[in-house]
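Reader: I have a structure to go through and I'd like some help reading it. Can we take it step by step?

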Amino acid sequence: MNINVTLIAQIIAFVTLLWFVNRVLWNPMNDLLLARQKRIADGLAAADKGKHDLELAEKRAKEHLVEAKSQAAEIMAQAEKRGNEIVEEAKEKARTEGDRLIIAAKAEIEQEANRAKEQLRGKVASIAAAGAGRILGREVDEKTHADLLKDLVGQI
Amino acid sequence: MSGSSSGNETVEYIQHHLTNLCVGDCDPVTHKAAGFWALHLDTVFFSVALGVLMIVVSARLGRNLVTGTPGGFQNFVEMIIDFVSGQVKDTFPGHNPMIAPLALTIFVWVWLMNFMDLIPVDLLPLIASGVLGIEYLKVVPTTDLNTTMAMSLTVFALIIYYNIKVKGVGGYLKMFVFHPFGKFFIPVNIVMSTIEELAKPLSLGLRLFGNLFAGELVFLLIALIGGTMAVGLGALIWFPLQVVLDLGWLIFHLLVITLQAFIFMVLTIVYLAMAHTEDH
């Protein structure tokens, strides 16, 4: 067959084309495909991570819920206890206050009674003097018989 | 190609179509290359034009690459690249960034050059002679042995280069001496290995050339059916026959050109893979 200088021309053309294809088509395309591969892999990894995070969050939420429930129960128990305490305290206070009031009232009553007695005592002296004057038919001088009257008042 | 059906004209028609546009050291009568310094201008023109087409299209595509959702053409190119790199990954051991672009270039370029075969055989030569005054034009670069051998010899050079790079000069020569029958048949081994190595570029280049040359020849013969019987009632039979045959061969040939491009690519990968493996 007729092999001639065309062969060399074609070899040069082939090698040049090879260089160009490598530079213009293969490299950018390969980079692109690799970048896409990476992006897809990253996306899948991110999806997996998201799923995992969701699971963790759900678990944590459940834990939080349980904790909150127990805390609420505790708080309620404490509140109840405290309420009871307050009631008890109030009762106690009321009782002591009542007692105090009763004592004070009793004291006042006694005082009043004493005061009345004193008044009565004072009046008893003059009544007694007036009574005695009427009996004796003359005026009994309170001043002259002060000692006697005092003695009498003391006896009442 | 019209007129009488004399055998001479038929031969002339075919020969005319199989003659390259020769410049330089050419025979003035037959227009065939007479010596080494003859250049087939049509072969070089069409192969370079198709190469330039490849580069321009890829450069334009390369500027508008989309990472996310590629459009139609980018998708198509990505498919081809995926296919080629899949072939390389399947056959080629280890990693060599040279192999995949080489395979891609071979596949696409050979396919494009083969595709020229599907353009009606008389169309471009007619335009060339009618408009440009060029008398001889052979449009399919792969029907020129120079093109196929150029590629296979480049691949052969790469085979030798990687053989020596991977195994060293000694290792490569040792392969010639001790392969395939061991150390007691050294002369036989040398002959066998040399033939085996030389058969690689020869079979690679000749296979492609033979297939495309034959395909072109069949197209020419089909074109002759109608051409020889252009006038008269016979045309009513011959013309439809030509159309049907042409269409049939066209569809079949579409498979052939793809297959040939694929075979050239795969064998290149396989030969280079063999060059890269130690235990040959």
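Author: What follows is a walk through chain B, its contact with chain A, and a few residues in both chains.

Reader: What should I know before starting?

Author: This is a predicted model, in which local features need pLDDT of at least 70, side-chain atom pairs count only at pLDDT 80 or more, and totals for chains, interfaces and linings use all residues. Residues are numbered from 1 along each chain as its sequence is written, chains are lettered from A and ligands numbered from 1 in the order in which they are written, and side-chain values use heavy atoms, with hydrogens and water left out.

Reader: ok, chain B. How many helices and strands?

Author: Chain B has eight helices and two strands. Helices (H or I, at least four residues) and strands (E, at least two) are DSSP runs, numbered from the N terminus. Read from the N terminus, the order in chain B is α-β-β-α-α-α-α-α-α-α.

Reader: What box do the C-alpha atoms of chain B fill?

Author: Roughly 70 × 60 × 35 Å, taken along the principal axes.

Reader: And what share of chain B counts as buried?

Author: The figure is 44% of the 280 residues of chain B. Buried means under 20% relative accessible area, exposed over 50%, and partly exposed in between (1.4 Å probe, protein chains only).

Reader: Got an example?

Author: B:Ala223, in helix H7 (residues 186–228) of chain B, is buried because its relative accessible area is 9%. Its C-alpha atom is separated by 16 Å from that of B:Leu137, and the two residues are 86 residues apart along the chain.

Reader: Switching to the interface. How many residues does each chain give to the contact?

Author: Chain B gives 46 residues and chain A gives 28 residues. Contact here means heavy atoms within 4.5 Å.

Reader: What area is buried between them?

Author: About 3400 Å², with 79% of it from carbon and sulfur atoms. Buried area is the accessible area (1.4 Å probe) that two parts lose on being put together, summed over both.

Reader: How many residue pairs are in polar contact across it?

Author: The rule finds eight such pairs between chain B and chain A, with both residues at pLDDT 80 or more. A polar contact is a pair of N or O atoms within 3.5 Å; within protein, one must be able to donate a hydrogen and the other to accept it, and residues adjacent in sequence count only if both atoms are side-chain atoms.

Reader: Which elements of chain B are on that side?

Author: Those that give two or more residues to the side touching chain A are strand E2 (33–40), helix H2 (41–63), helix H3 (72–91), helix H4 (99–115) and helix H6 (145–178) of chain B. H2(B) gives the most, with 10 residues.

Reader: Any salt bridges between the chains?

Author: The count between chain B and chain A is one. A salt bridge is a side-chain nitrogen of Lys or Arg within 4 Å of a carboxyl oxygen of Asp or Glu. B:Glu78 and A:Arg36 form it, with the closest N and O atoms 2.8 Å apart. B:Glu78 lies in helix H3 of chain B and A:Arg36 in helix H1 of chain A, so the pair joins two chains.

Reader: Are those two buried or exposed?

Author: Both B:Glu78 and A:Arg36 are buried.

Reader: What about salt bridges inside chain A?

Author: A:Lys91 and A:Glu88 make one, at 4.0 Å from N to O. They are separated by about one helical turn because they are three residues apart in helix H1 of chain A. A:Lys91 is partly exposed at 46% relative accessible area, and A:Glu88 is partly exposed at 48%.

Reader: Back to the interface. Where is A:Asn4, and what does it touch?

Author: A:Asn4 is in the segment before helix H1 (5–136) of chain A, and it counts as buried because its relative accessible area is 0%. Leaving aside neighbours within four places in sequence, its contacts include B:Gly35, B:Phe36 and B:Asn146. Its side chain also makes polar contacts with the side chains of A:Thr6 (2.5 Å) and B:His40 (3.3 Å).

Reader: Which other side chain does B:His40 meet?

Author: One of them is B:Asn20, in a polar contact of 3.5 Å. B:Asn20 sits in the loop between helix H1 (7–17) and strand E1 (22–26) of chain B, and is buried at 7% relative accessibility. The side chain of B:Asn20 also has a polar contact of 3.1 Å with that of B:Thr43.
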